[in-house]
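The following exchange explains how certain descriptive terms are applied to a structure. Each reply sets a value against the criterion behind the term.

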Amino acid sequence: MSDLAIHPGLLLIAGAVVLPWLRGGVRAAVVLLLPLGALGLVWAVPEGAVWQLSFLGYTLTPIEGSRLGRLFATIFSIMAFGGGLFALGQKSRLELSAAMLYAGSAIGVALAGDLITVFIFWEVMAIGSTLVLWSAGTAASYRASMRYLMIHLAGGVLLFAGVAGHVAQTGDVTFAHMSPDSVAHWLILAGFLVNAGAPPLSAWLPDAYPEASWSGTVFLSAFTTKTAVFVLLRGFPGFEVLIWVGLFMVFYGIVYALLENDMRRILAYSIVNQVGFMVAGIGIGTEMALNGAAAHAFTHIIYKALLLMSAGSVLYMTGRRKCSDLGGLFHSMPVTTICGTIGALAISSFPLTSGFVSKSMISQAASDGGLLAVWLLLAAASAGVFLHAGIKFPWFVFFQKDSGLRPADPPATMRWAMILFAFLCIALGIWTEPLYRMLPYPVEYVPYTAAHVLTQLQLLLFSGLAFFLLLPLLKRTLTITLDTDWFYRRPLPSVARGAGRVIDSARKIIVGGTRRGLDRALAGIERQSGPDGSLARTWPIRSMALWVIVLLLGYLVLYYL
Amino acid sequence: MNDRHWLDEPRNVRLLWRLFLAVLALTVLVELLVDLHPHFAVEGLFGFHAWFGLLACAAMIFVAKALGVLLKRPDSYYNGELPRDE
């Protein structure tokens, strides 16, 4: 036990409750100070179990200090600050509260020492993120939020079933390394992977995130998938199947993003792509790979938020989200263009950006392990990242043909949030020490060698050449690409409606038949016992006397028998 | 419009293209001066990362196009969805 008085996650959740009642400067101050307070508290958490309490005979550890947990709680706090700054001008009263609830519960997962605490914060996260989506206030966002909630509640059910099974088998709730050797552990793994955006349900992510408001998507991009990376890092490091799950996600993200026209949906597919690198790293499972996955989650949150801030700024200023309606914005939005481009370079792992120093550790681990196929696929995927996010996004939004739109850069708070995150992308890429020191294992990796810089430049610049040579094939069309969400948006509702009709007609037949039967029975009773029925008729005394005699005679006979 | 940017001039765009191609050639040629200490045999092939990146990207674009033929729909495809409460 220690003297840590406040849980950093609960601080943000408390802030979420207070925020709707605040206005103006006080509100802005609370939005910015709470995440900084949470960051301070995260760093005050000592190693090992901090709080412990007993629940149903199990020992819960709501806060536990660990290097990995601190790394994730740190980036979640930084993200809450940057996102809060970007969203200060958001008119929706709900969104920032929901975002703080969401960020606070993500920090709660990162600091949890047992599976029950993980589960509780996991579910609060689902609620917080659904409310963020909901607060966009459009019919499309409402429908998307319901689909999103459905998937995440289903994932929560898997996780809960797994945790219950694990506790029943082992009698222990501690969140430690698990091997997929029992149904319970497979269920836990499945629950984690749903949130990571793994197949076959990856579609929830590009379906839901782009429907949030201009600021909401920035928050959504950061927490759900990265807490999933965190729990996979802690629960299932070195589980080989994850390599192939991760590689599938990587290429799924690239191919769908290449076909996409909506600028924020391109970036949403790219989240699945980037999380795929992390999941593959977790599957490789060496210290270098796990460090790489953790570091990549950290840098990814920053550059992906930056990319979505630049897209959000474009949406905020123009009201447009399709690449086919945009282009030429560099003329009048220089700050947004430069910041967006820095984010694009960082996601592509260009030397001197944060992506270069994190993603390369995963490739290095594949290379050290002699995994040639994995290494080749990761290299191809790195080229593909530059293709779909590094060039395609900035090219179609800020450059390409001139759309004639001349919006100004967005308001100051939004500009400063972008500048802050752009600065972090470059600072982390040049000064690697602070990030490397936070990683779960000691780092002996040197990213900046002549060979590494040169090969990376070759890979990326020739990918750029491929983009411009094949540009005619990438022309934007007013289309979407069907994904697995089609199953629960088209056939499943039809099946449900069909089943509803069958049940309805069955109900009509049963209810109608029963009613007719009842009516007949009632009519019979009416005939017998109604006011005019045979049993209700007045009988003459004569016949009554006759029947009394018959009864008495019968009694006499019976008596003598 | 009088807000012509230097990037709007075709002359400058052509210049950028030449610069880009020069840098491409440079990244491959510098390979002769740097020890790449390859882990895999294939990495040791001349300009491996350059042509591998180019071909991988081309392959991904063609795969995407092929998948698009099957799975692309007009972006109004889901517009007929009923609100949940109906």
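Q: How far apart do the C-alpha centres of domain 1 and domain 2 of chain A lie?
A: In this predicted model, the C-alpha centres of the two domains of chain A lie 24 Å apart. Domain 1 covers residues 1-236 and domain 2 covers residues 244-479.

Q: What makes residues of domain 1 and domain 2 of chain A count as part of a contact?
A: Two residues are in contact if their C-beta atoms lie within 7 Å. The contact between the domains takes 34 residues from domain 1 of chain A and 38 residues from domain 2 of chain A. On the side of domain 1, helices α3 (67-86), α7 (183-196), α8 (204-208), α9 (216-220) and α10 (223-235) each supply at least two residues. Helix α3(A) gives the most, with ten residues. The residues on this side divide into 22 nonpolar, ten polar and two charged.

Q: Why is Leu32(A) called partly exposed?
A: A residue is buried if 20 or more other C-beta atoms lie within 10 Å of its own, and exposed if 12 or fewer do. Leu32(A) has 17 other C-beta atoms within 10 Å, so Leu32(A) is partly exposed. This residue has its place in helix α2 (residues 24-44) of chain A. Leaving aside neighbours within four places in sequence, Leu32(A) is in contact with Phe81(A), Gly84(A) and Leu85(A). Leu32(A) and Leu88(A) are 56 residues apart in sequence, and their C-alpha atoms are 9.1 Å apart in space.

Q: What makes a set of residues in this model a nonpolar core, and how many residues has the largest?
A: A nonpolar core consists of buried residues of certain kinds, Leu and Phe among them, joined through C-beta atoms within 7 Å. The largest such core has 201 residues. Those with the most contacts inside it are Phe76(A), Ala103(A), Leu232(A), Val279(A) and Leu306(A). Helix α13 (residues 287-318) of chain A contributes the largest share of this core, 20 residues. The core draws at least three residues from each of domain 1 and domain 2 of chain A. Not counting residues up to four places away in sequence, Leu306(A) touches Cys339(A), Ile342(A), Gly343(A), Met418(A), Phe421(A), Ala422(A) and Cys425(A).

Q: How do you know that the span of helix α19 of chain A is close to the expected one?
A: The expected span is 1.5 Å times one less than the number of residues. Helix α19 (residues 450-469) of chain A has 20 residues, and the expected span is 28 Å. From its first C-alpha to its last, this helix reaches 28 Å, so the two values agree closely. Buried residues of α19(A) include Leu457(A), Leu461(A) and Phe467(A). The buried residues of α19(A) pack against α15 (354-368) and α16 (372-398) of chain A, together with α1 (10-29) and α2 (48-71) of chain B.

Q: Why do strand β3 of chain A and β1(B) count as paired?
A: Two strands pair if DSSP finds at least two bridges between them. Three bridges join β3 (residues 479-481) of chain A to β1(B), so the criterion is met. The two strands run antiparallel, and Pro74(B) in β1(B) is the bridge partner of Thr479(A).

Q: Which element of chain B gives the most to the side that touches chain A?
A: The contact takes 40 residues from chain B and 40 residues from chain A. Helix α2(B) gives the most to the side of chain B, with 16 residues.

Note on methods: Residues are numbered from 1 along each chain as its sequence is written. Chains are lettered from A and ligands numbered from 1 in the order in which they are written. This is a predicted model: local features need pLDDT of at least 70, side-chain atom pairs count only at pLDDT 80 or more; totals for chains, interfaces and linings use all residues. Helices (H or I, at least four residues) and strands (E, at least two) are DSSP runs, numbered from the N terminus. Domain bounds come from an automatic or database domain assignment. Ala, Val, Leu, Ile, Met, Phe, Trp, Tyr, Cys and Pro count as nonpolar, Asp, Glu, Lys and Arg as charged, and the others, Gly among them, as polar.
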